[in-house]
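Visitor: Please show me the model, and then take me through a few points of its geometry.

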Amino acid sequence: MKLINLSRPARLSSALGAAALLLLSSAAFAHAHLVSSEPAANAEVAAPADITIHFSEPLEPAFSKIALTDAGGKPAAPAASQVDKHDARVMHLPLPTLRAGRYAVHWTAVATDGHRTQGDFAFTVK
Ligand SMILES: [Cu+2]
């Protein structure tokens with residue numbers, strides 16, 4: 001009878017072990033995903049001084065970038081984006097004074113494992 005009682009914790013711990021393995025392997029192959037941004041996607045804001053994007057993993061500065069285009073698809077920020085010196089999971093794009101309108105943010109993030117992710121989101125300047 002005690003053997004039967006023992007089988008449940010054993011099964012539970014092997015399930016936990018499998019979950020831990022999954023966590024480990026996903027960390028080993030972690031891609032940098034967007035966690036949050038300022039301005040946030042689809043936000044309507046006063047002209048921001050810069051765009052800041054927080055990622056789930058540290059970025060390779062040489063290959064990661066943010067670009068901004070206006071409603072006509074033209075580049076709207078001449079400065080280069082930069083990975084934050086104090087937190088490699090954060091990237092900034094300094095902005096000129098933006099006129100009212102809708103803008104599209106295009107980001108490319110290369111994680112330290114070399115994997116590349118990219119995405120777009122829009123925001124509106126009031
Ligand atoms: Cu990866």
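Guide: One definition comes before the rest: two strands pair if DSSP finds at least two bridges between them. The model shown here is predicted.

Visitor: Which residue in β6 does Asp 50 stand opposite?
Guide: Strand β3 covers residues 50-55 and strand β6 covers residues 90-94. These two strands pair in the antiparallel sense over five bridges. Opposite Asp 50 in β6 stands Pro 94.

Visitor: Which strands stand at the edges of the sheet?
Guide: The sheet is open and antiparallel, with four strands in the order β1-β3-β6-β5. An edge strand has a single partner, so one side of it is left without a neighbour in the sheet. That applies to β1 (34-38) and β5 (82-83).

Visitor: Is the arrangement of donor atoms around the copper ion tetrahedral or irregular?
Guide: The copper ion is coordinated by Ala 30 (O), His 31 (ND1), Asp 113 (OD) and His 115 (ND1), at 2.0 to 2.7 Å. Four donors count as tetrahedral if all angles lie between 85 and 135 degrees. Here the angles run from 66 to 156°, so the arrangement is irregular.

Visitor: Is Ala 30 buried or exposed?
Guide: Buried means under 20% relative accessible area. Ala 30 has 11% relative accessibility, so Ala 30 counts as buried.

Visitor: How far apart are the closest N and O atoms of Asp 87 and Arg 89?
Guide: The structure holds one salt bridge, and Asp 87 forms it with Arg 89. Asp 87 is partly exposed at 24%, and Arg 89 is partly exposed at 40%. The closest N and O atoms are apart by 3.2 Å.

Definitions and conventions:
Residues numbered from 1 in each chain as written. Predicted model: local features only at pLDDT ≥ 70, side-chain atom pairs only at ≥ 80, totals over all residues. Heavy atoms only, no water. Salt bridge = Lys/Arg side-chain N within 4 Å of Asp/Glu carboxyl O. Buried < 20%, exposed > 50% of the residue type's maximum accessible area, 1.4 Å probe, protein only. Donors = N, O, S within 2.8 Å, 3.2 Å for Na, K, Ca; no water. Tetrahedral: all angles 85-135°; square planar, octahedral: opposite > 155°, others 65-115°.
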